[in-house]
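I opened a fresh page for this model. I wanted to go through domains, sheet, core and chain contacts in turn.

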Amino acid sequence: MKRFIEKLVEGALLISGSVTSITILLIVLFLFKEASGLFNKPVIEEGYVLALNKSNPVKKLTSYQIKQIFDSEITNWDEVGGKEEPIELVRLSDMTNYYTEEELGAEFENIPAKASELTATHPGIVLFLPKQYVAKKFDGILLDHETIQPGDFFGGKEWYPTSTPSSQFGLLPLLLGTLWVSLGAILLSLPFGIAVAVYLAEISSMRIRNILKPVIELLAGIPSVVYGFFGLVVIVPFLQETFNLPVGETALAGSVVLAIMALPTIITVAEDAMRTVPRAMKEASLALGASHWQTIYKVIIPYSKSGITSAAVLGIGRAIGETMAVLMVTGNAAVIPHTLLEPVRTIPATIAAELGEAAAGGAHYNALFALGCILFVITMIISISVEFISSKKYNK
Amino acid sequence: MTPVINANNSDNKKRWSQAIAFTIFKMMSYAVVAILFLILGFIVTKGIGVISWDFLTLAPEEGMTKGGIFPAIMGTIYLVLGSSLFSFPIGIMSGIYMNEYAKGNKVATFIRIMTNNLSGVPSVVFGLFGMSLFVNTMGFGDSILAGSLTLGLLSLPLVIRTTEESLKAIDQSYREGSLALGATKLQTIRKVVLPMAFPNIITGLILSIGRVSGETAPILFTVAAYFLPKLPTSIFDQVMALPYHLYVISTSGTDVEASRGIAYGTALVLIVIVLLVNLLANALRTYFSKKVKTN
């Protein structure tokens, strides 16, 4: 009986131990399942078709091409692989330019026939039509089977999830925004982080260290939304005035806030690394006549190189995944940034800002999960590389 | 003569460069401390005027520009309790398994790697996952249950790690002594190991409460309500929560400028929670470490 209970408890403990692994598995499963739905979604709004003239050699249009056509950025079929022929864009509401209201019918019952006729007689036409108005014997080409391609997502340069008729789910502006903000943050916080780590590990007295450590722990404990709020009411107006900007919500504001948030991680990891330097190495250096400072930069810092690298990588990881603070201070403009003084939008901020308004199961919803996958993959790569870096010991 | 002078010169140079470098490091360290006090000082001075008994015990009024934050405080308490009910038992049990049953073997290493990976997952991904699994697939809807489970998973790595560290710190001889007296493994863990590790474990648990109470991204889509003056009646209800409340009224409330005061007050309450949690954790650590020593 006693042995049975022992075994039972051990089993229960093992099951508890497996919860984290199961969670990771489930995260992968659910994120990728929802994300893969994106590539089954039509490029144009559901329930609509694009109709072309029969003589038009163009058989498919990508999501981005459709958007450019509707924004009048592409005006000739030869730009999308067709003949030299101006594009004639017709929406359902434009039908009245071609037919009188009597011809269309009081209940619009003639629209299917007229739409078919219009498509057949205009060689350059592209007609954007709800599916219910497509006649049984439609005289033209219907583009309605195209789905969003991985290239549209991974290579897409625009993120306009609500643009009609073709929503744009381009990853690039968000990915670049995330990288800009995170790199800016790490460039600001790494020098401070290493300096504080050196100070704590080597220079400060025990008494000062006992005061500084809890302060840094406290810095790590402040919720990100409080950092965001502080950034919003202090850092954003400050940057706006200093650089004389139209808006203060910029990539730089995000970087500054993230730099503060990444500091505790960097300091703790780098300091731990410096404390593992064997006493004998330090003493050997001092005995050879090197000053304390020479010992620090010739012995201690090189010896703890891998630890400092881990600290930097973990800091970047923290910055890339941070959501609320960045959402509140970066201005959230989904455009590819050129300087740090422009508004940007990061991947986590996009998810947080848009998931609430995306209909469950729609293309937008799927696209946000795809962003989640990207984020998950990036952080996994970071976790693995930290594991790899810290397993490598100093050998020289 | 010359070599001596050179030696003096390089000695001087050495001393100077050391003095300069150390001063810079010291100043940078104090700058970091100054940043913390700048943030704390700013929010405390702006928020202290807002805090009153009414602010803490009334519901928001007039488009959240007046009134208090009572529902948000209660919501955060519910979420902390709910997530703790989930993460504490599981986290402590996996910590025990890793250190007492599978110490050093492949299973423990595997669990450790997975736990580290989970702790690196951004909180917004937990939000997505919680929404997909708990809210939609399991059909809990936006509810305390879904939010608590999501937050529980998020804090699980922290609980596991502190439990494992606390157990690791206990000398092997105590276990051997207990086993030698004829106690079973389970008895040893219950009567010897856990009581000794308890102070450190409890410190970790309190810190994880601090973490959970400030998280926003995981609750955005799993539980948080924009405005809900009455308290929840079941675990399938939505609640307001402090961090989400702060986010909403400082960015997208009906009148951002008019609710600034409330925002400062909410930020102050959040910071006070974090401070209290840290102080409590430190106090418990010292208290218990003294007690264990005298025993």
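**Entry 1. Domains of chain A.** I began with the division of chain A, which has domain 1 at 48-146 and domain 2 at 172-391. I noted that the model is predicted. I then looked up how far apart the two centres are. Taken over C-alpha atoms, the centres of domain 1 and domain 2 of chain A are 51 Å apart.

**Entry 2. The sheet of chain A.** I asked myself in which order the strands of the open sheet in chain A run. The order is β2-β3-β1-β4, four strands with mixed pairing. I marked β2 (88-91) and β4 (141-143) of chain A as the edge strands, since each pairs on one side only. From one strand to the next, the twist averages 25 degrees.

**Entry 3. Strand pairs, one by one.** I started at the β2 edge. β2(A) pairs with β3(A), residues 125-130, in the parallel sense, and I counted four bridges there. One residue pair I wrote down is A:Val90 with its bridge partner A:Leu127 in β3(A).

Next I moved to β1(A). Its pairing with β3(A) is antiparallel and runs over five bridges. Here A:Tyr48 stands opposite A:Pro130 of β3(A). On to β4(A): three bridges join β1(A) to this strand, again antiparallel. I found A:Leu50 opposite A:Leu143 in β4(A).

**Entry 4. Cover on the sheet.** Is β1(A) mostly covered or mostly open? I found it mostly covered, with four of its five residues buried. I also looked for a helix lying across the strands. Helix α5(A), residues 111-121, lies across β1 (48-52), β2 and β3 of chain A. Against β3(A), helix α5(A) runs at about 165 degrees.

**Entry 5. The nonpolar core.** I turned to the largest nonpolar core, which has 196 residues. The residues with the most contacts inside this core are A:Val198, A:Phe229, A:Val257, A:Leu258, A:Ala270 and B:Ala267. I noted that the list draws on both chain A and chain B. Helix α10(A), residues 251-275, gives the most to this core, with 17 residues.

I took B:Ala267 for a closer look. Which residues does B:Ala267 contact, leaving aside its neighbours within four places in sequence? From chain A, I wrote down A:Val226 and A:Phe229. From chain B, I wrote down B:Ile43, B:Gly47 and B:Leu246. A:Phe229 thus turns up on both of my lists, among the residues with the most core contacts and among the contacts of B:Ala267.

**Entry 6. Where the chains meet.** I checked the contacts between the chains. On chain B, 65 residues are in contact with 66 residues of chain A. The elements giving two or more residues to the chain B side include α1 (2-47), α3 (70-101), α8 (185-214) and α10 (260-294) of chain B. α1(B) gives the largest share of this side, 16 residues. By class, I recorded 43 nonpolar, 19 polar and three charged residues on the side of chain B that touches chain A.

**Entry 7. Domains of chain B.** I closed with the division of chain B into domain 1 (1-47) and domain 2 (57-294). Their centres, over C-alpha atoms, are separated by 38 Å. Five residues of domain 1 of chain B are in contact with five residues of domain 2 of chain B. The domain 1 side of this contact has three nonpolar, one polar and one charged residues.

Definitions and conventions
Residues numbered from 1 in each chain as written. Chains lettered and ligands numbered in written order. Predicted model: local features only at pLDDT ≥ 70, side-chain atom pairs only at ≥ 80, totals over all residues. Contact = placed C-beta atoms within 7 Å. Nonpolar A, V, L, I, M, F, W, Y, C, P; charged D, E, K, R; others polar. Core = buried A, V, L, I, M, F, W, Y, C linked by C-beta atoms within 7 Å. Buried ≥ 20, exposed ≤ 12 C-beta atoms within 10 Å, placed from the backbone. Domains from an automatic or database assignment. Pairing = 2+ DSSP bridges. Axes fitted to C-alpha atoms, helices over the stretch in contact; angles between N-to-C directions.
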